[in-house]
Amino acid sequence: MSHMTKRTTEYKSAAAIAEAAAALGLEALGEGEVRFYGTGHGSWQSAQDRELSKTADLRFQAKGSRYHLGFRAEADGTYSMVADEEVFAGGYARHDPIRRALGEASQYGVAPLFRQAYNVAVLAAKARGQGKHVTTERAGQVIRLRVRA
């Protein structure tokens, strides 16, 4: 059974990915292998797990987590999210710090807090580029963006 998954979502900005990760308290690890549940247990890793975990262009980890969240640059200029499926749903990582940081999978999809933080980072960058003053505030599972002239 494969644990690794590749999520294709419209992540287009490495800077916004890094800003979103930082806003959620994730540590930037740089390029490298994505750690997942089976890391170090190569005898039972599937070929798909080995291939997907090889290299990510951007990697992040929550303090105390055994898992990484990775992003791989694609030929079309977007980034695919690469991580153990347990990071998004499943029993093994239910109490892992990275799941709490990214948000529980829901009707809004996987890693809803990360997607929200990414969108806020993209919009904040555009507003700053227009000379606007930007502040953000997090209240539980909601991140508020305020833009002022």
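**Exercise 1. Are Tyr11 and Tyr118 buried or exposed?**

Before you start: this is a predicted model, where local features need pLDDT of at least 70, side-chain atom pairs count only at pLDDT 80 or more, and totals for chains, interfaces and linings use all residues. Numbering starts from 1 along each chain as its sequence is written, and side-chain values use heavy atoms, with hydrogens and water left out.

*Solution.*
- Step 1: set the cut-offs. Buried is under 20% relative accessible area, exposed is over 50%, and partly exposed is in between (1.4 Å probe, protein chains only).
- Step 2: apply them. Tyr11 and Tyr118 both come out buried.

**Exercise 2. Work out the ring pairs and how they join up.**

*Solution.*
- Step 1: fix the rule. Rings of Phe, Tyr and Trp (its six-membered ring) pair if their centres lie within 6.5 Å; planes under 30 degrees apart are stacked, over 60 edge-to-face, and the rest tilted.
- Step 2: count. You get five aromatic pairs by this rule.
- Step 3: classify one. Tyr11 and Tyr118 have ring centres 4.9 Å apart and planes at 85 degrees, so they pair edge-to-face.
- Step 4: place that pair. Tyr11 sits in strand 1 (residues 4-11) and Tyr118 in helix 5, 107 residues apart. Helices (H or I, at least four residues) and strands (E, at least two) are DSSP runs, numbered from the N terminus.
- Step 5: try another. For Phe60 and Phe71 the centres are 6.2 Å apart and the planes at 70 degrees, so this pair is edge-to-face. Phe60 is in strand 3 and Phe71 in strand 4, so the pair ties together parts 11 residues apart in sequence.
- Step 6: join them up. Ring pairs link Tyr11, Phe60, Phe71, Phe114 and Tyr118 into a cluster.

**Exercise 3. Find the hubs of the largest nonpolar core.**

*Solution.*
- Step 1: define it. A nonpolar core is a set of buried Ala, Val, Leu, Ile, Met, Phe, Trp, Tyr and Cys residues joined through side-chain atoms within 4.5 Å.
- Step 2: rank. Among its 31 residues, Ile17, Leu26, Leu69, Phe71 and Phe114 touch the most other members.
- Step 3: trace the sources. Helix 5 gives the largest share, six residues.
- Step 4: zoom in on Phe114. Skipping neighbours within four places in sequence, its contacts (heavy atoms within 4.5 Å) include Tyr11, Ile17, Leu69 and Met81.

**Exercise 4. Sort the two sides of helix 1.**

*Solution.*
- Step 1: list the buried residues: Ala16, Ile17, Ala20 and Ala21.
- Step 2: check the geometry. They cover an arc of only 135 degrees around the axis (taken from the directions from the helix axis to the C-beta atoms), which puts them on the same side of helix 1.
- Step 3: flip over. Ala15, Ala22 and Ala23 are exposed on the other side.
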